[in-house]
Amino acid sequence: MSVGGYSLRPFSELDIPQRASWLCDPRTSDTMPLEGHITEASTRAWWARVQQDHTRCDVVLEQSGRVVAMGGLTGFDPSTRRAELYAFVSPVHHGQGYGTQLVSRLCNLGFSAARLNRVFLWTYAMNAPAIALYSKVGFITEGCLRQHSVTRGTLLDRQVMGLLRAEWQALPWADPGVQYSWFRDKFGIGN
Ligand SMILES: CC(C)(COP(=O)(O)OP(=O)(O)OC[C@H]1O[C@@H](n2cnc3c(N)ncnc32)[C@H](O)[C@@H]1OP(=O)(O)O)[C@@H](O)C(=O)NCCC(=O)NCCS
């Protein structure tokens, strides 16, 4: 599906070098809790591990055929119908609306195709651009775990934000009819 030149597609092996280079960039890594030093080899190992994982879905957002952002929904839980969202934008394209496009499309995928009841995420409490983005999209701040994580020797607060199905349905960009055939092929559910 391509709307406004945007298209959400599944992450593929060809995206590995770009993912690795974006995650190595301090404009990304400074605000994401990454484990160890990210390399192309470690990203290949990550992809070999997660592509068989049917509790998650990793995607890229393209605009006019160029990859501008990456993210996913992880930890699909059938009993609570919830999943965790993650997102990051090309480090040279922050502040151009790509995060908004990615997160709203991921929510449409989660609530519509995956029939979730809740999408939630964690972010550093000092990550003002991320909190502004998620709030703009419609996520509610649900709490803060104080001094919960350590990054380069500094204890940082972690904020949890969530969006419920009923809240998503009331949002102007909600698309209950969204179709992603690749999602159905992988998970056997959805449209
Ligand atoms: C956080 C991130 C995903 C935001 O994506 P983005 O494409 O830059 O965000 P958008 O351009 O869609 O902006 C959405 C809103 O966030 C706010 N915003 C964006 N950049 C901001 C900044 N530097 N400071 C404060 N608010 C900002 C604005 O309110 C904006 O809405 P507006 O343009 O209508 O005013 C992106 O900065 C990023 O990838 N950061 C590094 C990785 C990361 O922190 N990921 C999130 C981990 S939880």
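Two residues are in contact if their C-beta atoms, placed from the backbone, lie within 7 Å. This tour of a predicted model begins with a residue to which that criterion applies.

**First selection: tyrosine 134**

Select tyrosine 134 and display its surroundings. Residues up to four places away in sequence being set aside, Tyr134 touches Val103, Leu121, Thr123, Phe139 and Met161.

**Second selection: the largest nonpolar core**

Widen the view to the largest nonpolar core, which has 39 residues. Tyr134 appears here again: together with Ala69, Val103 and Leu106, this residue touches the most other members. Next, colour the elements that each supply at least two residues of the core. The helices among them are H1 (16–24), H4 (98–113) and H5 (128–137). The strands are E3 (57–63), E4 (66–77), E5 (82–89), E6 (118–124) and E8 (154–164). Which helix gives the most to this core? That helix is H4, with eight residues. As a general matter, nonpolar side chains in soluble globular proteins tend to be buried together.

**Third selection: helices H4 and H5**

Keep H4 on display and add H5. The two axes come within 10 Å and cross at roughly 50°; H4 and H5 are therefore oblique to each other. The crossing in which H4 passes H5 is right-handed. To see the contact, select Gly99, Thr100, Val103 and Ser104 on H4, and Leu133, Tyr134, Lys136 and Val137 on H5. Of the residues in this contact, four are nonpolar, three polar and one charged.

**Fourth selection: helices H1 and H3**

Now turn to H1 and to helix H3, residues 40–50. Their axes lie 9 Å apart, and the packing angle is about 120°. H1 and H3 are therefore oblique to each other, and H1 passes H3 in a right-handed crossing. On the H1 side, the contact is made by Ile16, Pro17, Arg19 and Ala20; on the H3 side, by Glu40, Thr43, Arg44 and Trp47. This contact of H1 with H3 comprises four nonpolar residues, one polar and three charged.

**Final selection: glycine 72**

Finish in strand E4, where glycine 72 has its place. Is glycine 72 buried or exposed? The residue counts as buried, because 20 C-beta neighbours lie inside 10 Å. Select valine 59 as well: although 13 residues separate the pair along the chain, their C-alpha atoms are 5.5 Å apart. Neighbours within four places in sequence left aside, glycine 72 is in contact with Arg56, Cys57, Asp58, Val59 and Tyr86.

Notes: Residues are numbered from 1 along each chain as its sequence is written. This is a predicted model: local features need pLDDT of at least 70, side-chain atom pairs count only at pLDDT 80 or more; totals for chains, interfaces and linings use all residues. A nonpolar core is a set of buried Ala, Val, Leu, Ile, Met, Phe, Trp, Tyr and Cys residues joined through C-beta atoms within 7 Å. A residue is buried if 20 or more other C-beta atoms lie within 10 Å of its own, exposed if 12 or fewer, and partly exposed in between; C-beta atoms are placed from the backbone. Helices (H or I, at least four residues) and strands (E, at least two) are DSSP runs, numbered from the N terminus. Axes are lines fitted to C-alpha atoms, for helices over the stretch in contact, and angles run from 0 to 180 degrees between N-to-C directions. Angles under 35 degrees count as roughly parallel, over 145 as roughly antiparallel, 65 to 115 as roughly perpendicular and the rest as oblique. A crossing is left-handed if the near helix is turned anticlockwise from the far one by less than a right angle, and right-handed if clockwise. Ala, Val, Leu, Ile, Met, Phe, Trp, Tyr, Cys and Pro count as nonpolar, Asp, Glu, Lys and Arg as charged, and the others, Gly among them, as polar.
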